[in-house]
Amino acid sequence: MLTSKEQKRAAEEVTASSTFISKGTVIAGNVETTGNFRMEGKLTGNLTSKAKVALGPVAHIKGDVVAQNTEIDGQIEGNVTILELLTLKTTSSISGDISAAKLVVEHGAVFNGRCTM
């Protein structure tokens with residue numbers, strides 16, 4: 001049986017872990033992660049993270065995104081639900097509804113849909 005100290009350390013290790021999907025990688029299916037997630041490739045499916053999600057300028061997701069914090073440079077065709085901060089960078093494009101606690105939109109970002117905060 002794990003002590004509370006060991007459980008806390010194990011939880012911190014999982015959250016501190018990172019996943020990177022490189023440019024040219026194509027994934028078909030849903031992705032779920034408890035750690036940080038950085039993507040430069042393409043995903044057809046939903047993405048769920050209990051930590052931060054970062055999408056590079058050539059990243060493309062056709063599906064819904066749910067995360068704690070997210071920084072988007074690429075494209076999303078689907079709904080985006082962020083529990084804390086969503087940042088839409090200059091090259092970002094979202095076609096779908098947004099739900100976020102806080103939203104930062106840089107000049108040049110494209111958003112087509114509804115937003116609730």
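Two residues are in contact here when their heavy atoms lie within 4.5 Å. With that in hand, let's walk through this predicted model. The chain has 16 strands and one helix, and 33% of its 117 residues are buried. Contacts are the thread to follow, starting with E40, which touches F20, I21, S22, K23, G56, P57, V58 and A59 once residues up to four places away in sequence are left out.

**E40 and its surroundings**
- You'll find E40 in the loop between β4 (36–39) and β5 (42–44).
- Is E40 buried or exposed? Its relative accessibility is 15%, and the cut-off for buried is under 20%, so E40 counts as buried.
- One of its contacts, F20, sits 20 residues away in sequence, with a C-alpha to C-alpha distance of 7.9 Å.
- The side chain of E40 also makes a polar contact of 2.6 Å with the side chain of R38.

**The six-stranded sheet**
- Take six strands in the order β2-β5-β8-β11-β13-β15 and you have an open sheet with parallel pairing.
- Its edges are β2 (26–28) and β15 (110–112), each of which pairs on one side only.
- From one strand to the next, the twist averages 5°.
- As background, strands of a sheet pair through backbone hydrogen bonds, and the pairing can be parallel or antiparallel.
- Inside this sheet, β11 (residues 75–77) and β13 (residues 93–95) run parallel and are joined by three bridges.
- If you want a landmark for that pairing, look at Q75, which stands opposite S93 in β13.

**Strand β10 and its partners**
- Which side chains of β10 (residues 69–72) are buried? T70 and I72 are, and they point to one face, while N69 and E71 point to the other and are not buried.
- Strand β7 (residues 52–55) runs parallel to β10, with four bridges between them.
- Along that pairing, K52 stands opposite N69 in β10.
- Strand β12 (residues 80–88) also runs parallel to β10, this time through three bridges.
- Here the pair to look for is I72 and L88, with L88 in β12 standing opposite I72.

**T87, a buried threonine in β12**
- T87 belongs to strand β12.
- Why does T87 count as buried? Its relative accessibility is 12%, and anything under 20% is called buried.
- Setting aside neighbours within four places in sequence, T87 is in contact with T70, E71, I72 and V104.
- Of those contacts, T70 and I72 are buried residues of β10, and E71 points to the other face of that strand.

**The nonpolar core**
- The largest nonpolar core holds 21 residues, and M39, L47, L55, I61, I76 and L86 have the most contacts inside it.
- Which elements give two or more residues to this core? They are β4, β7, β9 (65–67), β12 and β14 (98–105).
- The top contributor is β12, with four residues.
- In general, nonpolar side chains in soluble globular proteins tend to be buried together.
- Zooming in on I76, its contacts beyond four places in sequence are L55, I61, G63, V65, S93, I94 and S95.

**Whole-chain numbers**
- About 6800 Å² of the chain is exposed, and carbon and sulfur atoms supply 53% of that area.
- How many of the contacts between residues at least 6 apart in sequence join residues at least 24 apart? That share is 1%.

Terms used: Residues are numbered from 1 along each chain as its sequence is written. This is a predicted model: local features need pLDDT of at least 70, side-chain atom pairs count only at pLDDT 80 or more; totals for chains, interfaces and linings use all residues. Side-chain values use heavy atoms; hydrogens and water are left out. Two strands pair if DSSP finds at least two bridges between them. Axes are lines fitted to C-alpha atoms, for helices over the stretch in contact, and angles run from 0 to 180 degrees between N-to-C directions. Buried means under 20% relative accessible area, exposed over 50%, partly exposed in between (1.4 Å probe, protein chains only). A polar contact is a pair of N or O atoms within 3.5 Å; within protein, one must be able to donate a hydrogen and the other to accept it, and residues adjacent in sequence count only if both atoms are side-chain atoms. Accessible areas come from the Shrake-Rupley method with a 1.4 Å probe; for residues, only the protein chains shown count as cover. A nonpolar core is a set of buried Ala, Val, Leu, Ile, Met, Phe, Trp, Tyr and Cys residues joined through side-chain atoms within 4.5 Å.
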